[in-house]
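Could you walk me through this model in the viewer, one selection after another? I would like to know what to pick next and what I will find there.

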Amino acid sequence: MNDELIESAYAPGAIEPPLAERWSRANPLTAGAAPSGRPEYYVLEMLPYPSGALHIGHVRNYAIGDALARFFWMRGYDVLHPMGWDSFGLPAENAAIKNQAHPRTWTLANIAHMKSQFQRFGFSYDWSREVTTCLPDYYRWNQWIFLRLFERGLAYRKKGVVNWCPQCATVLANEQAEGGFCWRHEDTPVERRELEQWYLRITAYAEELLRDLDRLPEWPERVRTMQRNWIGRSQGAEVDFATEDGGVIRVFTTRIDTILGATALLLPPEKSATPTPSEAPAEKIGHFTGRYATNPANHERIPIWVANYVLAGYGTGAVMAVPAHDERDFEFCTKYGIPIRPVVDPDADPAPAIAAMVARAEREGWGKGTVAYRLQDWGISRQRFWGTPIPILYCDACGLVPVPDEQLPVVLPENVRLTGQGQSPLAADPDFSRATCPKCGGAARRESDTMDPFVDSSWYFYRYTSPHGDQRPFDPTAVARWLPVDQYIGGIEHAILHLIYTRFFTKAMRDLGLCQLDEPVTRLFTQGMVTRHGAKMSKSKGNTVDPADLVERYGADATRMYVLFAAPPEKDFDWQDNGVEGIHRFLARVWRLATRLAPPTVTTAATSAADAACLRKAHQTLRRITSDFEGRWHFNTSIAALMELVNELYAHDAELSPAARATCQRLLLLMLAPFAPFLAQELWVRAGERGEISVAPWPTLDASLASDEQIEVVVQIGGKLRARLEVPPGTNARTLEAAARAHEKIAPLLAAQTPRKVVVIPDRLVNFVV
């Protein structure tokens, strides 16, 4: 292709910013407030924490969702594609301590910067629905929902052993301390402390949370397996062991058939808590309490020990040691000389014996069949400032008193001293703590703990449907229109944190009459991680990639397109610095193809063949990309197909007819639009099209043109065979006639005589009657 035929060089720095500015002012991809009669689709990426700047993992997550949203708009859907900010949490508070500023100042500045980055990337979010969880107009509804849960007994306060991160200086939920380390500080061991805490009774929904995983076939099996294991249902029995001092120790066991082999009772250490799969101590350590109990099945006197591998948060918190049939018990009892007595055949089916022993225990009154769960109630108290204040008052006369709805929100104070040390900052603020009891009018003290920020993200996607309502958390009519979320996109690391909490909140809100849903998300997708030099990106390793630098150098289209091209979206991929450059070169080829002054074309047989080859390739590409969007999401193969199409167009550039060239280039731009919206829009307008390509109809596949097969069609003049055509099966009559007229053997013959009639039988013949 001659350089002089090119209008100008591809310059994303000139093309993209004006379009980004225009779309930020007037987003063409905004779902109406009322149904339009079009099908509807809710696509959602997990909202980010406003840490200050987008990282390349963000870009991958949001590029996936944005491509999908744009595809569905072009397929004729109304698409809800909102964005917001999960903006409470420790980083803001720690930054405020460091900078001696209010956490809100740091948070809102970060939000403004990250929002501008989102807009520069051209992500099609409906910013009119923006939600910011650290603002009172949102966390007011956290408090309101908490009070409704409190009224139902689903929120309660108790003293218990909790996980404490010394670096965060706050309590962690069990899900945030998996493996014995803080989820934020992966090298900080979690401590056990006994504190008064607020809990949400997620265990009330344990069986439903487990059972309904089978209703989520479009969730990754890995996520469902992780949730099943976390919920940890165990069918077993509770057995009461009478102690010699007149007490009773109740144990839970899944193998009551082995009770005759129980030679000790084991209690947990004072500060044990909920187990995690990898948390069992390597060395079994314990001590004898000096007390004894009676085995109710054989009336044997057995010792009571404390063992470090028994955890208070599972079952009843006490177990019977059956060392002959349990590996951990065997190790412990061998170490301390406790008798070991085999009582069952390890190769036999235990079910009949279990059923018989449960029946005996219930008949004799010393036990019963039951179910235990590994899942524990969700501790939501946090001893930090930057979170939703828990709306509870403490009155000496009235006790624990909920804040009345009309006094919500309980707002965080403006002037508070943050140190990161000692008690909760709110407890040290007398202006916040002092309150009046709404029951008796006497003095009261406000709760000083704030809520776990995971409360904020457990229901935010409901708020998107009616983000400005001030009478209730969300409009039930809007929720019924849009939810459940059709497609949710985020990281696998949220499988037993955010994703199990959202399911709990949906079920609890259903029972509160706020919605009619059992599950919040129909289809879940967990994208892979972006690594560099074979390691997870981190500032300490010096292997991070700054998306802003990539946009400045190569453009937003090339950056977002590369993260989709590098690997299937569910797979991890290792960052390659030359990858974005390669995509930039490809987009420059598209630019040159679409903006050059087309060379004059003389209609020949080669023109017909070139037209057929390029149209076939274009429709084959359309078939592949449509299939990828509707099924497996292998956008890397979609982009590779676009590259092959561009190669085909370049290869036949000199022979293509103007009509075929225009058709193929139009198809190319429409298919490119979900991946590179800036370039597609610019070339769309330059091609003389009107409006936004993002709302232009997705092309209709011509299956006959996309076919790889070729059939032979004979061409006759006056009934005599003159030529043969190789065409896809099902080629329509008009295309067949045009191809026949352009054939190198037919064109000269028709120039000498004008047909008075043309007979076309698709897939068989073309006959020019002269």
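Start by selecting Lys158 and Tyr199: the charged end of Lys158 sits over the ring of Tyr199, at 5.1 Å from the ring centre. Keep in mind along the way that this is a predicted model. For a second contact of this kind, go to Arg301, which lies over the face of Tyr292, 3.6 Å from the centre of the ring.

**Rings against rings**

Now switch to the aromatic side chains. The structure holds 54 aromatic pairs. One of them is Phe121 with Phe123, a stacked pair with 5.4 Å from centre to centre and 10 degrees between the planes. Are these two residues, Phe121 and Phe123, buried or exposed? Both Phe121 and Phe123 are buried.

Next, select Trp305 and Phe332. This aromatic pair is edge-to-face, with the centres 5.8 Å apart and 90 degrees between the planes. Colour by secondary structure and you will see that the pair links distant parts of the chain: Trp305 belongs to strand β12 (residues 301–307), Phe332 to helix α8 (residues 327–336), and the two are 27 residues apart. Trp305 and Phe332 are both buried.

For a bigger selection, take Tyr41, Phe71, Phe72, Tyr77, Phe525, Phe629, Trp633, Phe635, Phe675 and Trp698, which form one aromatic cluster. Stay with Trp633 for a moment and look at its backbone. Phi of Trp633 is near 60 degrees, a positive value in a residue other than glycine. Trp633 is found in the loop between α17 (605–630) and α18 (635–651), and Trp633 is buried, with a relative accessible area of 1%.

**Other backbone stops**

Compare that with His533, another non-glycine residue with a positive phi, here about 55 degrees. Where is His533 placed? His533 lies in the loop between β24 (530–532) and β25 (535–536). At 63% relative accessibility, His533 counts as exposed.

Then show the peptide bonds that lead into two prolines. The bond from Leu408 to Pro409 is cis, with omega near 5 degrees; Pro409 is in the loop between β18 (399–402) and α10 (430–433). The bond from Leu483 to Pro484 is also cis, with omega near 5 degrees. You will find Pro484 in the loop between α12 (476–482) and β22 (485–490).

**A parallel sheet**

Strand β22 leads straight to the next stop. Here 4 strands form an open sheet in the order β2-β1-β22-β23, and the pairing is parallel. Which strands stand at the edges? They are β2 (78–80) and β23 (521–526); each has a single partner strand, so one side of each is left without a neighbour in the sheet. Neighbouring strands of this sheet are turned by 20 degrees against each other on average, direction ignored.

Zoom in on β1 (residues 40–45), which is joined to β2 by 3 bridges, the two running parallel. There, Glu40 stands opposite Asp78 in β2.

**A mixed sheet**

Move on along the chain to another open sheet of 4 strands, in the order β28-β27-β30-β29, this one with mixed pairing. Its edge strands are β28 (720–727) and β29 (757–761), each of which pairs on one side only. On average, neighbouring strands of this sheet are turned by 15 degrees against each other, direction ignored.

Inside the sheet, select β27 (residues 711–717) together with β30 (residues 765–769): the two pair in the parallel sense over 4 bridges. To pick out a residue couple, show Gln716, whose bridge partner in β30 is Asn767.

**Last stop: the cysteines**

How many disulfides does the count come to? It comes to 0 disulfides. Select Cys182, which is in no disulfide: the nearest cysteine sulfur, that of Cys165, is 3.7 Å away. Cys182 is buried, with a relative accessible area of 2%.

Finish with Cys398. Why is there no bond to Cys440? The sulfur of Cys398 is 3.7 Å from the closest cysteine sulfur, in Cys440, which is too far for a bond, as a disulfide needs the two sulfur atoms within 2.5 Å. At 28% relative accessibility, Cys398 counts as partly exposed.

Methods. Residues numbered from 1 in each chain as written. Predicted model: local features only at pLDDT ≥ 70, side-chain atom pairs only at ≥ 80, totals over all residues. Heavy atoms only, no water. Buried < 20%, exposed > 50% of the residue type's maximum accessible area, 1.4 Å probe, protein only. Phe/Tyr/Trp six-rings, centres within 6.5 Å; stacked < 30°, edge-to-face > 60°. Lys NZ or Arg CZ within 6 Å of the ring centre and 35° of its normal. Pairing = 2+ DSSP bridges. Axes fitted to C-alpha atoms, helices over the stretch in contact; angles between N-to-C directions.
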